[in-house]
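I opened this entry to record what I looked up in the model, pockets before backbone. The notes follow the order of the look-ups.

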Amino acid sequence: MELRHLRYFVAVAEERNFTRAAERLHIAQPPLSRQIQQLEEFLGVVLIEKGSRPLRLTEAGQFFLAHAKPLLDQVRDLKTMTQRVGKLERTINAGFVASTLYGLLPDIIRRYRERHPQVEVVLHEMTTIEQMKALKEGRIDVGFGRLKSEDPSIRRILLREERMIVALYPGHRLAAGEAPLRLVDLVQETLLVYPSTPRPSFADQVLALFSEANLTPDHVVEVRELQIAMGLVAAEQGLSIVPASVQGMHHRNVVYRQIEDKHAFSPIFFSVRHMDRTPELEQMLAVIYDIYDDYALPHTKQSL
C-alpha cells in the first residue's frame, strides 16, 4: 500500500463518484478504478459497495477513510515543516483575525522580531475558518483566531479569554453611564454582527451569547468585517458587540460600555499544524506568555 492509494481512495470517498474523483486527481478513470481495486485486494476487504449510486462506503471503507485522512494531513505537514527547517532564511507566516490587531498582537510580533531578528514574520489577515484551511494547505504556520472548532490535523492552544463589550454611538440612549449593560438591554436594538461570511464566525459567537441567555435580538444586520461594523456604529446605524481590545481603534464617534453577563467572553486561540514543533513556534509562544505576564493578564501556560 502506497500513499497514492490513500489519496485516491480519499478523493473517491469525498467526491462519491469515480468520474469527479478522477478529474480532481487529474488522472483517467480506468487507472483510478484499478488503484482502488488494488487497495481492496491488499487489505482483503471491500471498501466501496458495488453498484451503489451514489457511491457508498462499506463499514470497513468508513473506518479506512477516518484513518486515511489524518495520515495524509500528517504527510503534508511533514513536507511543509521539513521545507521550513531546511531553509537558511526562516519565515513564519501568521494568520490573524482583525480584532487581534487592536490588542496585543502588534506587541507580540514586535518583541518576537527583536528577540529573533533572523526570522521574518509575515502577517495575513484572515478569518478563523480561512486560517484552518491555510494551515492545512501550508500557506501559514500559525493562526491567531477566536472561533472554537475541532480539526484533528490542527492543534489549538487557548491563550486567554477576552471580555466582550458594546460599541455604541455617543448619542445612543445606552451610551451614558458607568454601570455595565446587560444583554437584555440590547435585544430591541439593531445589532451589527460580523463577518457575514465565511460562517461559522465571530458573528455566531455573539448570537450564541444571546441564545445562552434565552434571548433573541429583534433586528440583526450582518456586515462583511469589523471596520464596517464600527463605521456603521459611528453612523448611528446600530450597536455592535466586540472584543475589548477593539477599544484600541480610538474611533471618535464610538463609545464603549462593559457587559455585565458573566459568559460574555471571546477566546483567543494559537493554532498550528498538529505535528508542528519547530523552534520558531515555541519561541513565539514563549514571547506571548512573557507579554501576558508583563500585562498581568490571566492565562494558562501550555507548550507545543
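For sorting pocket linings by class, I count Ala, Val, Leu, Ile, Met, Phe, Trp, Tyr, Cys and Pro as nonpolar, Asp, Glu, Lys and Arg as charged, and the others, Gly among them, as polar. The model is a predicted one.

**Second largest pocket**

I began with the second largest pocket and its lining by class. I found 11 nonpolar, six polar and five charged residues there. The lining has 22 residues in total, around a volume of about 350 Å³. Nearest the centre I noted Val-97, Ala-98, Glu-125, Thr-127 and Pro-195. I then asked which elements give two or more residues to this lining. They are H6 and helix H8, the latter spanning 226-234. H6 contributes the most, with three residues.

**Largest pocket**

I went on to the largest pocket, where the volume comes to about 560 Å³. I listed 20 lining residues, and those nearest the centre are Val-10, Arg-24, Leu-72, Asp-73 and Arg-76. Two or more lining residues come from each of helix H1 (3-15), helix H2 (18-25), helix H4 (59-86) and helix H6 (128-137). Which element gives the most to this lining? It is H4, with seven residues. I sorted this lining by class as well: nine residues are nonpolar, one is polar and 10 are charged. I marked H6 as an entry in both notes, since it is listed for the largest pocket and also for the second largest.

**Cis peptide bonds**

I came back to Pro-195, already noted among the residues nearest the centre of the second largest pocket. The peptide bond that leads into Pro-195 from Tyr-194 is cis, and I read omega near -15°. I placed Pro-195 in the loop between strand S5 (190-193) and helix H7 (202-212). I logged another cis peptide bond between Arg-199 and Pro-200, with omega at about 0°. Pro-200 also sits in the loop between S5 and H7.

**Positive phi**

Next I looked up positive phi values outside glycine. Arg-16 has a phi of about 60° and is not a glycine. I located Arg-16 in the loop between H1 and H2. Is Arg-16 buried, partly exposed or exposed? Its relative accessibility is 42%, so I entered Arg-16 as partly exposed. His-26 is another non-glycine residue with positive phi, near 60°. I found His-26 in the loop between H2 and helix H3 (29-43). His-26 counts as exposed because its relative accessibility is 72%, and the cut-off for exposed is over 50%.

**Arg-257**

I closed with Arg-257, in strand S8 (residues 255-258). Arg-257 is buried, yet I found no salt bridge for it. How far away is the nearest side chain of opposite charge? That side chain belongs to Glu-178, and the distance is 6.7 Å. The cut-off I apply for a salt bridge is within 4 Å, so the Glu-178 pair does not qualify. I then looked for backbone partners of the Arg-257 side chain. It reaches the backbone oxygen of Ala-176 at 2.6 Å. The Arg-257 side chain also reaches the backbone oxygen of Ala-179, at 2.3 Å.

Notes: Residues are numbered from 1 along each chain as its sequence is written. This is a predicted model: local features need pLDDT of at least 70, side-chain atom pairs count only at pLDDT 80 or more; totals for chains, interfaces and linings use all residues. Side-chain values use heavy atoms; hydrogens and water are left out. On a 1 Å grid over the protein atoms alone, a cavity is a set of points where a 1.4 Å probe fits but cannot get out, and a pocket is an open set with protein on both sides within 12 Å along at least five of seven lines; lining residues have an atom within 4 Å of a point. Grid points are joined across faces, edges and corners, and a volume is the space filled by probe spheres set on the points. Helices (H or I, at least four residues) and strands (E, at least two) are DSSP runs, numbered from the N terminus. Buried means under 20% relative accessible area, exposed over 50%, partly exposed in between (1.4 Å probe, protein chains only). Lys and Arg count as positive and Asp and Glu as negative; His and the chain ends are not counted. A polar contact is a pair of N or O atoms within 3.5 Å; within protein, one must be able to donate a hydrogen and the other to accept it, and residues adjacent in sequence count only if both atoms are side-chain atoms.
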